[in-house]
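Please read through this model with attention to where its parts meet. The text takes one meeting place after another.

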Amino acid sequence: GLSSSNSVERKIYIPLNYTAPCVRLLNATHQIGCQSSINGDTGVIHVVEKEEDLQWVLKDGPNPPYMVLLEGDLFTREVMLKLKDTRRVSGMAVVISKPNPAGGYSPDLRCPNDGFGAYSPTHSPELAHCNGTVWNPFGNGLSYEDFKFPIFLLKDENETQVIKQCYLEHNIPVNGSAPKFPLCAMQLFSHMLAVTDTVTCMRRNSIQARFNLNPEMLCDALGDYNVWSVVKPINNSGTAEPEEKFILAATRLDSRSFFWDIVPAAESTVSGFVTLLAAAQTIQKLPDVQSLKKNIMFVFFQGETFDYIGSSRMVYDMEQGKFVLNLDNIDSFLELSQVGFSSNFSLWAHSDPVSRRNATINQQVMDLVSVVQNSSAGTNITVAEPPNSQALPPSSFQRFLRARNIPGVVLTDHKSSFSNRYYQSVYDTAENLLLKYPRELSPEEALNHVTDVAESLTEVATTVARTLYLLAGGTQRPSMIKADPLTATSRSHLSFLVCAQKIFFFYIWRHGASNYLRNTPLWYYVSVSSPATPTRLVQYVLANLTGTATDLTKDQCQNPTKDAGAEKDLYDYIWVQGSSSENSSEPTPFCVETTVRLSKALSPAFELKEWGSTEYSTWTESRWKEIRARIFLIASKELEIITLIVGLVILVVSLVGIYFINAKVDVLFTSAREPSTVAY
Amino acid sequence: MTLAVFFGCMCIAFGPAAALFVFTVARDPLRVILFIAAAFFWLLSLLLSSLVWFIAVKASDARDQRLQKGLLIFGVVFSVLLQELFRLAYYKLLRKAMDGLVALSEEGQSPVSIRQMAYVTGLGFGIISGTFSMINILADSLGPGTVGIHGDSQYYFITSAFMTLVVILLNTFWGVVFFHGCERQQWWDVLTVVATHLLVSGLTFLNPLYEGSLIPAYLIMLLMGTWAYFLSGGSVRNLQRFLRCKYVAMNQEIPCRARTEPRS
């Protein structure tokens, strides 16, 4: 392709730069997502703003195939099923709705992660397949359909306006008759290399790797790293003794949407891990935390959206003895799921009814819930239990229950179905969380402003911190424990949800790696390249909030040895940028000693090479060559054929004519008066 | 289906030129060499004039539209003058080469006459000039889109092809007239070539008013063609004989072969 377009190309094409594609994902049995032809799909643009406009595309329009420009409100299951199988549609561009669609919108399934949690039809049929509770009632399942044409999201309003302008000038039908050529058309390129399912794709990958010097891989497994840390340092190279007991506090780091890599995930994901970060910071500051009877481990699982990649891998590693803990070491489990709507200050503690049939577990869970309720005393939060027969919502805890009956609760802001109406969609933004900053604040002032959302999440963090302290055997009065609203929640919100390049991040980021941060929100898709930016950021924020500064030099920090006072087995050492002091504008970097580590979050199916596994996640993402979009005008077929015929006529006439002229050249040209020249 | 536009425009622009090349130049290796050397001289002139224009554009303010338009006009005029200058230079080179060719030949006569050289030079200049104008337009015509989304005319490809055709033919005729003028020291002929070249190039500034640039260009081509024909030893009588000899070849009334002149 061309690196820079020449002036003729600029006369013809307008490239669309602010788009997001829908890509193909595969699992053991299916392919989902969208596909385009290898040279892109072209179609005449038709703007569909109401349902009646669909008739033109489906039946009346005289120039198929059409490229549908769909308003975000119409991107529903009914409309998509109508357009899915017709040959008259060659692609689609969806205009993102501003503000969020009023009735809620979720392209995810109504029963997320069905079949990979703790409830299977053989084990507990009354709870499997969401028989008891439909968790995501707004879900239309579009993310899990397979489309044969490309679908792009138009993110920028100005570009959408340009496309609509081109449509209004050239494509409007006049009184029902066909519009005249040239017509405005759009071309979308998003050719996906993988097909059918993960088994096929992995098989082809291995053939490529074996027989090709330059293997062309077709797909990659989804996966990244889990982030975990412990309050009391443990030896990382061995495994914990059976007597050492751990309280696991977990949450998830990722989400998804219909379109690739546009995943704001405010309520479904960010609310949870921001609160857990705040709780971790609060716990670390307590004076007697190092002498508690039980240890506390904070885990941030990655890849949970795609059939629990991170948690299934951790459970597998624990069973194989490859992790510092075993399943026996887990005393209890506390998970934070979607907690962003705690603004009405109620928190629900879900537990698993199947494991509670065992009397011991039942007692432990009841004690756990009462600890949580006691911890919320003095805050504005009220903790309640949903009916005991209700299943657990989709959560990482379900994977642990599959392996071992452990007492645990999952804290959420919803009693039964999700209160998040935009679960795993592009609309789950800060606006969904009702996160509002007063307009007149400057960036520095915004960093010091505590929003309502931050306040309520701080209360949740306080509750969680107190609970963990009490569960670990703490004896001091828990009402003294309070999370800091500013550092932990409010600033985190601003950075993780609104603008990644905030100063908060700057002073904890790894020295010299600031090119990862842009002035845009972060996206929380697990992706295939490791480590993803959100994982890294959570790792460094956690290190900053729970670690201690040391006075090691840069070399000692990057190569920690015993002589310098560094304990490589117990701690990890990170050289961070630091904050700028009042006198100098250059930040002073320093070395942080922390227990935060990463653990691999790749599905065990890929370790065991069981591509068709129904036990573990088998999700892969297809590879592609180029993804782009452009609009231009197309000429009528008649004009093109006329051009060709005129050209051929001219060619034939000139060949015949010149042949005859050349054959009789001595007739046409007589040599005149020049003696030294030869006649033609 | 814009493969149709690609082939159509290619045939329109290069059809007659290809026919001329295949039937009159390709058979004779000496003519081929002269053709390629002429093309090379044209490329040199383009290189120099584009260097000057490039430096002028870089040294100027890119946002001043009037200045840029003025620079473009200056660039075009400079390029036309430089092309004609290189045509003159090539003529001088060929004149010197004639002596060498005469010395090398067995009959004591140059195998290529100066008229043939003029024609081949013109064709060489024309084809390389047409290639340079048309190639990137042809490449873009392969894609699915046509010109027009920013308001330009949708007939851009076809009119560019016709313009290229007329420029190729014009260059051929200019070559003949130019060399004739230089041979006979008739400097008005040379000046007419330069003037018409400037006129045709200047008329293209009227685009996209294609009637204003194409129609006068074709008229000028017909005029130059007629002039070049008469300069090369043609006459109205020859034309009549040519047409009628083709027409009544069966009756043997007017034979197509001349009796006395030896065939070259």
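In this predicted model, eight residue pairs, both members at pLDDT 80 or more, are in polar contact between domain 1 of chain A and domain 2 of chain A. The number of salt bridges between these two domains is zero. On the side of domain 1 of chain A that touches domain 2 of chain A, two strands each supply at least two residues: β2 (19-21) and β8 (151-154) of chain A. The largest share comes from β8(A), with three residues. Sorted by class, the residues on this side of domain 1 of chain A are 20 nonpolar, six polar and one charged.

Where do the two domains run along the chain? Domain 1 of chain A is made up of 7-105, 140-219 and 626-637, while domain 2 of chain A covers 223-547 and 595-602. Between the C-alpha centres of the two domains the distance is 37 Å. Their contact draws 27 residues from domain 1 of chain A and 18 residues from domain 2 of chain A.

The size of an interface is often expressed as the accessible area that is lost when the parts come together. For domain 1 of chain A and domain 2 of chain A, the buried area is about 1800 Å², and carbon and sulfur atoms give 63% of that area.

The next meeting place is the one between the chains. Chain B and chain A bury about 4900 Å² between them, with 67% of this area on carbon and sulfur atoms. Chain B puts 55 residues into the contact, and chain A puts in 53 residues.

How many salt bridges are found across the interface of chain B and chain A? The count is zero. As for polar contacts, five residue pairs, both at pLDDT 80 or more, are counted between chain B and chain A.

Which elements of chain B give two or more residues to the side that touches chain A? They are the helices α1 (3-25), α4 (114-141), α5 (156-184) and α8 (236-247) of chain B. The most comes from α1(B), which gives 13 residues to this side. By class, the side of chain B that touches chain A holds 26 nonpolar, 21 polar and eight charged residues.

To go back over the two meeting places: zero salt bridges are counted between domain 1 of chain A and domain 2 of chain A, and zero are found across the interface of chain B and chain A.

Key. Residues numbered from 1 in each chain as written. Chains lettered and ligands numbered in written order. Predicted model: local features only at pLDDT ≥ 70, side-chain atom pairs only at ≥ 80, totals over all residues. Heavy atoms only, no water. Domains from an automatic or database assignment. Contact = heavy atoms within 4.5 Å. Buried area = accessible area lost by both parts, 1.4 Å probe. Salt bridge = Lys/Arg side-chain N within 4 Å of Asp/Glu carboxyl O. Polar contact = N/O pair within 3.5 Å; in protein donor to acceptor, adjacent residues only side chain to side chain. Helix = DSSP H or I, 4+ residues; strand = E, 2+ residues; numbered from the N terminus. Nonpolar A, V, L, I, M, F, W, Y, C, P; charged D, E, K, R; others polar.
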